[in-house]
Structure formats: structure tokens, C-alpha cells
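Reader: I am new to this structure and would like a close look at one part of it, the pairing of charged side chains. Could you take me through the salt bridges, and say where the partners sit and how buried or exposed they are?

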Amino acid sequence: CHPGWSAVAQSQLTATSASRIQAWLWGGVLRWLRVLSLFFMFPNWHSDRFTIAAKHHITIAEIYETELVDIEKAIAHYEQSADYYKGEESNSSANKCLLKVAAYAAQLEQYQKAIEIYEQVGANTMDNPLLKYSAKDYFFKAALCHFIVDELNAKLALEKYEEMFPAFTDSRECKLLKKLLEAHEEQNSEAYTEAVKEFDSISRLDQWLTTMLLRIKKSIQGDGEGDGDLK
């Protein structure tokens, strides 16, 4: 094998990757040019033009999520999309974008930002007959974010959510939070793990919840010690 071939091949691969990234970026630029043309061609076409702009922001956010792996930029575009949807009072679509922002914000340890969104969406959905069942999930996630920051914050937040949304008290999520708070106060990692396992046996934990629950557990074990497992 010629010694220079490896370098040439690597260079070609790098060039190919760069070309793909440029194609994605230029694709986004061209889409935005089409959106801008609609603004000028149809100045009174308020509803559709903002909805189209919102959808293009989602498309760009998804590219940053999956192809370019730049979560901060993905967050920015989901936020912009939510703003456009809010302007058209498409609250359901706006909430979907905001929930993506909250999930990523928590992963990036921007807990206050995540809390504000989860509380906002929870408050917006708890009185809606079709959406109120989801409110418990949003308050649960907000409480977990509080918990990572401070145990007392989590207790106060839990009391607030129960007062705001009485149905939350009887939910499995609320009961789990109370068990976790008790275990954390006693610095009992076994009780904490057992409570999580019991919950997971009925409602399977997704990756986001697993990550947040592990972060809380590490504060029980002290400075991140332990096996880093919930099972």
C-alpha cells in the first residue's frame, strides 16, 4: 500500500463530510429564501407564513440535532419555532417545541430554564380535558430538575404542584417523588433504587428520566461514588 494513499483517502473523506455539511447548510439557506419570498409576495397571508417559518425552524433544529450534533443551536431554533407558533396561537405546536427545549436544557444542566418550561406547559395543559393527563409528567420532570439542584427546592415545588393540580397527588409520579425525597433525606441509596425499580416495573423509564434520576442518586452516594446504576 502506498504510504500516501491513507492520507489521500482521509482527505477525501474529510472533504466529503465538509461537502455534506455545506449541502445541509445551503439547503437551510435556500428554504429560508423561499420563506422570505412568501413574506414579500403575500404580506397579508399571516397565518400560513408564520406556520411555514416555524416548520422551517424545526427542520433546521432537527439537522442540528441529528446531523451536526449542536444541541445549543437546536435549542435556539426550537425556541424560535415556538415563538412563531405562539404568535399564531398554535399552543399545542408551540408546547411541543418548548418541551424539546426543556429536555435538552436539563441535559445541559440548565435546570432553571427546564423548570420554567415544564411548569409553564403543565399549567397550560392541566385544565384542558384532552391534555390534563400529561400535566403530571411535566410537573414530575420539573420536580426532578428541582431535586437535582436542591432537595428543599424539590419539596417546596412538590407542594406547589399538588396545590395547583390536585390530581397530581394520586399519580404514581408524585408518589415516587415522595419516596425519593424520603430516601434522599435519609441518605439511603438502597431505598432510592428500590423505589425507582418499582416505578420502572410498571412505567418504563426513558433515557431522559434515567439520566436525571442517576444524577440525583449520585448526590446520595456522595461525590458521584457508587455503581452509577438504578437497578
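Author: In this predicted model, a search of the whole structure turns up 11 salt bridges. Side chains of opposite charge can pair when their charged atoms come close. One of these pairs joins K160 to E119, with 3.2 Å between the closest N and O atoms. Because K160 belongs to helix α7 (residues 151-164) and E119 to helix α5 (residues 111-125), this pair ties together parts that lie 41 residues apart in sequence. K160 itself counts as partly exposed, its relative accessibility being 36%.

Helix α7 also takes part in another pair, for E162 forms a salt bridge with K178, and here the closest N and O atoms are 3.1 Å apart. E162 is in helix α7 and K178 in helix α8 (residues 172-185), so that distant parts of the chain, 16 residues apart, are linked. The two partners can be described in turn: E162 is buried, with a relative accessible area of 18%, which falls under the 20% cut-off, while K178 is partly exposed at 37%.

A further salt bridge is found between R204 and D200, whose closest N and O atoms are 3.1 Å apart. In this pair R204 is exposed, having a relative accessible area of 62%, whereas D200, at 11% relative accessibility, counts as buried.

Finally, salt bridges can be followed through a group of residues, since K136, D137 and E173 are linked in a network of them.

Technical notes. Residues are numbered from 1 along each chain as its sequence is written. This is a predicted model: local features need pLDDT of at least 70, side-chain atom pairs count only at pLDDT 80 or more; totals for chains, interfaces and linings use all residues. Side-chain values use heavy atoms; hydrogens and water are left out. A salt bridge is a side-chain nitrogen of Lys or Arg within 4 Å of a carboxyl oxygen of Asp or Glu. Helices (H or I, at least four residues) and strands (E, at least two) are DSSP runs, numbered from the N terminus. Buried means under 20% relative accessible area, exposed over 50%, partly exposed in between (1.4 Å probe, protein chains only).
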